[in-house]
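Biologist: I would like a close look at a single helix in this model. Please start there, then follow the thread outward to the cores, the backbone and the charged pairs.

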Amino acid sequence: MLSTNRDEIDSHLLEIPGQIFLFRSWERQHIYHFLKKLVIWLYDLPLTAPNDDKLNRFFVFLHGNSGMGKSVLLRKFWEILRTPRYPSLRVSSIIHWRSVVADNQDIFPNIRERHIDQLKYLRLLQQQLASSLKKPENAFPNFTAKQQQPQKWFTGPIRPQELATALGEDLKSLASVTRLLIFFDEYECVDECDALLRTVIRSAGSRVGWIIAGQHNLWNPLLRSAKPYKEFVRPEHSFVIHCNDRALFTAEDIKDYFTRVYNCILRNYSGIGMPNFKHIAETLFKMSYTSLPTEGLPRYISPLLAKLAAERYTQQTRTPHFLTLDAQHSIISDMVQHYLPVTENQVEYTRIYGLALLRRVTSHAITAALTLDDPQTFRSAVYYLSIRYSFIDSDTHDKLPALQREICHFVRLWLRVRRTQPDIQEINNQLLAAHIQALETLEKQTSFPTFQSRLKDQEWWELYLDLAQQLCWNDPHAGIKALVALMIAASTEDSYLKPSISTIGEFFLPLVDQQTSLYWHHAIEGLMPDNKANGTIMHSLHELYTYLQANNRVLVLPHPLSSIPTAELNALFCWKYALALHESGDIESIKNAITMYEYAMSILKSTTQLQNELVACYCQIAKMCYEQKEIHQCLIYCEKARTILLSLPLQEQDATQKQLIAELYYHIALLTDPPRTDYLEYVIALNADDWKAYAQRGQIRFKQKLYPKAIDDYNQALVLYQKSREGFTLQPQSPITYDADLAQLHVNLAEAYAAQQNYTQAIEHYTHAEQFVAPDERDLMYTILINKGITHQNQAQYPQAIQLFERANTFKPAAAKGYEQLGWLYLKRDQQSSDEALKMFHQCLALDPTHMQAAWLIFWLSLGESYPKKDDAAQLTEICRISPPNAYLVLVCQAIQTALDGNTQSGLKILTRAIENDSTRWDAYFWRGLMHAHKELSLSSSQYEERAKDAKNNINTALAFGMPPVLLRPLYYCRQHIPTFFSEYAGPLLEKHFGSST
């Protein structure tokens, strides 16, 4: 528990690590009272009973003019209270109410108007409170219920006061475990809404405290439209900080600044063809009187004026000043002299200069700036000056109140002009030496292996920036080059350093020559772009690359880093340049990017981010090479990418790049004949847990007729697929989940089992596949039904096969495959189904006129018990036109034509060629056998035995290869014309299959 003893509290405030926490004396007193009252409120010490309508709560109210430090003080409170010292307190984030107002003009059409949409106001307030406390919408049930309450004629619309009460009750519930402290900044007076907020506060109860800051709010006793705070709350538990009339430099001084600028523009630029200057000056002058922002007006508006001035003057002078140097120096000098005390103490002036020269407040820097011989006097000296000169209140100028930032800015501008004066140069040299010593000490204490490792150390890069700024005061050219070196080092990281680097560089840019200025601008736009087009970035990087190549000494680091080799910086620049080249997208730029990446990696070694970016580059160009059919080059880049990827730790490997390389290897494997199994092994190595990789390898192995290995791959793919679906079952359940990928895996397994003639397993997987197919997947369902029907047919399970083929035809009525399979089934089933088969083949040919198999079987079946006649030659010619000349069935038809022309010997030779093309089909064997038998008509009895043997062997081979017996009918021709062959062989064969040879 934090002690309430005043000395202990003061000690606590002064010992916050990492920063100097000193306020003016009146601010310190407020902090003391704040913490004392907070401790009483937190730990439920006795409280005075509330009187009347006053709220027994904890409050802090800050009000006053812009730029006086309200927001800074509020943030200091917040930083203290969010530490683990206060476990009994939940602190909200700071709600910047004016920003919220600016983004919701439909609720607040004009902040000064009284006509406010109160319901929308309360909804917005609830959203901001929920966000600041990191609570979801359902953490405010009373508010939600009241807001959604149906409106009835007897209840009327929702009253804002009721909704405000509900919101307070929700806050009260949230504070039941841990007290809440809610921060508001920039809260302005809107009378009707102040009444609503007061209702929320009252309803929230005593466990919710409030800290509210703003120029004019309900608790400002100077406002005529608002009651003083003491009439609303108990003063012994709350307090007010009035932030007016405490600074030596006020908002009126800023108005005076614009008056001077306005008058100077009128004197210097009237009648010279630049009316925009006068218009902008008048606008800014009026704006400064109506609504002075707290973001530091001169500092942020000057660049706008500079841009206009540059239209006329930059070409000759290359200076960004919006006034002549004499005019600007005159104004700034007056402002600085107004701020600086009237004193003859030159030591005090020197100390003020030293403080203004600093980038940030640190012990070693202030010791040097104050020229203190005894470090023990450091705190007292800083405290003394902090009371009188407020711009050293914080460790960085960005945390100062807005007006104090302007003071520091004016003094720095004044010093920039006088930086070569002996007294200023002397203090700057002291500061430079202090920064060098601090950086040397850190370098000795910490062994940084690389320049990038230094950037991960905040203390290091903060010291480097301090040193770079002091170099700019001494030698702006050296300082700018030191900043660019840091920019190069940080270019491949997040640009968290850009604001600091840019602020320093832009301030000193007017002091350098044109070449260094161009060098700086190319570095900013190329190395740390801010929403720049890629063309602009590429141009700047190219110019910077050319400049670095031509000036070898540009990247020499400042002392004490001058001994560090600059090869790493060159490599980091090449890395950044490569990244931009890669993003350009064209193949030549990507090749150049690869050259840059490879050079960077040769210096930077095992940088995971760099390696992944190089892999991405390899992958992109490999894909481009594949698309352009440059397969050899594609393989080269794939191999480079694969080697780097697999050398990285598994958690650092980019899954997208691995998948792309695997797909490229897979597609290249398909292009090779036979497919390259080593490429498939690369696929598996890159995708060890990817079911698709195993499925792909299974397909290749299936094509290679390695059926057992294909089955193993498909089964592994099923297991991994189940894993990828987080427990999704491989067996169909009820209700069925449709999944085309899973169905295809089962189809692949079924085909592999069928190829092994394991028809039972094949049918089982076809059944699974069928149940996973969605109704609209008609093509996949058609394939499954056809293949499943063929499997049943191979087991002579004809009724099941017929049913499946007929179902398939309902899915694709215009497809010929189903009718063809039905035709084959009827041929194989029995001799009485030949007419049905003929019908199916006719239907097949009608749907697909190029279906030669159907045309051929129609011809064969139409022969009946006859041998082909010469009149059939024309029909055979038509069949031959369907397929290429050397196709198997074309050769069979040509052989029959040749035999019909009387040249049986030539026909037999053509059939031999057909068998050489495909020795597993039965068509050619049967007709070769029949032609051998037909030759008996012209043979002598001495030759008969040899020819009859050849005929029998060929016909038996055809039957062994699965020829349907119904196609034996042309053998009946032998009964009349070759009786000996018929009686010895054909007749018994026909009787066996048809039951009779007659």
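Modeller: This is a predicted model. Start with helix α28, which runs over residues 655-671. The helix has 17 residues. From its first C-alpha to its last it reaches 25 Å, close to the 24 Å expected at 1.5 Å a residue.

The N-terminal end of α28 is capped by Asp-654. A side-chain oxygen of Asp-654 lies 2.9 Å from the backbone nitrogen of Thr-656.

Now the side chains. Buried in α28 are Gln-657, Lys-658, Ile-661, Ala-662, Leu-664, Tyr-665, Tyr-666, Ile-668 and Ala-669. So which helices do the buried residues of α28 pack against? They pack against α26 (608-627), α27 (631-647), α29 (677-686) and α30 (691-703).

One of those neighbours, α27, holds a charged pair. Glu-639 and Arg-642 meet there in a salt bridge, with 2.8 Å from N to O. The two are three residues apart in α27, which means they are separated by about one helical turn. Glu-639 is partly exposed, at 29% relative accessibility. Arg-642 is buried, with a relative accessible area of 12%.

Other salt bridges reach across the sequence. The model has 14 salt bridges by the rule used here. One of them pairs Glu-162 with Lys-146, at 3.9 Å from N to O. Glu-162 sits in helix α7 (residues 160-174) and Lys-146 in helix α6, so this pair ties together parts that are 16 residues apart in sequence. Both ends have intermediate accessibility by the cut-offs of 20% and 50%. Glu-162 is partly exposed, at a relative accessible area of 32%. Lys-146 also counts as partly exposed, at 22%.

Arg-359 and Glu-462 form another such bridge, at 2.2 Å from N to O. Arg-359 lies in the loop between α13 (346-357) and α14 (363-369), while Glu-462 lies in helix α19 (residues 458-474), so the pair ties together parts that are 103 residues apart in sequence. Both residues are buried. Asp-466 joins in as well: salt bridges with shared partners link Arg-359, Glu-462 and Asp-466 into one network.

Next, the nonpolar packing. The largest nonpolar core has 225 residues. Trp-460, Trp-856, Phe-926, Trp-927, Leu-971 and Phe-981 touch the most other members. Take Trp-460 as the example. Leaving out residues up to four places away in sequence, Trp-460 touches Leu-439, Leu-442, Glu-443, Phe-448, Phe-451, Arg-454, Leu-455, Leu-486 and Leu-561. Apart from this core lies another, of 36 residues. Its members include Phe-61, Ile-95, Val-101 and Leu-167.

Leu-561 brings us to a stretch of backbone worth a check. The peptide bond from His-559 to Pro-560 is cis, with omega near 15°. Pro-560 is found in the loop between α23 (534-550) and α24 (567-584). For context, most peptide bonds are trans, and most residues other than glycine have a negative phi.

Two residues go against that phi pattern. Lys-134 has a positive phi, near 55°, and is not a glycine. Its place is the loop between α5 (118-132) and α6 (141-148). Lys-134 is exposed, with a relative accessible area of 73%. Gln-757 also has a positive phi, near 65°, in a residue other than glycine. Gln-757 is in the loop between α32 (740-755) and α33 (759-772). Gln-757 is exposed, at a relative accessible area of 58%.

Last, the cysteines. The count of disulfides is zero. Cys-880 is in no disulfide. The nearest cysteine sulfur belongs to Cys-893 and is 4.6 Å away. The cut-off for a disulfide is 2.5 Å between sulfur atoms, so a pair at that distance does not qualify. Cys-880 is buried, with a relative accessible area of 13%. Cys-574 is buried too, at 8%.

Back to the helix you asked about. For α28, keep three items: the cap from Asp-654, the buried residues, among them Tyr-665 and Tyr-666, and the packing against α26, α27, α29 and α30.

Conventions. Residues numbered from 1 in each chain as written. Predicted model: local features only at pLDDT ≥ 70, side-chain atom pairs only at ≥ 80, totals over all residues. Heavy atoms only, no water. Helix = DSSP H or I, 4+ residues; strand = E, 2+ residues; numbered from the N terminus. Expected span 1.5 Å × (residues − 1). Buried < 20%, exposed > 50% of the residue type's maximum accessible area, 1.4 Å probe, protein only. Contact = heavy atoms within 4.5 Å. Polar contact = N/O pair within 3.5 Å; in protein donor to acceptor, adjacent residues only side chain to side chain. Core = buried A, V, L, I, M, F, W, Y, C linked by side-chain atoms within 4.5 Å. Salt bridge = Lys/Arg side-chain N within 4 Å of Asp/Glu carboxyl O.
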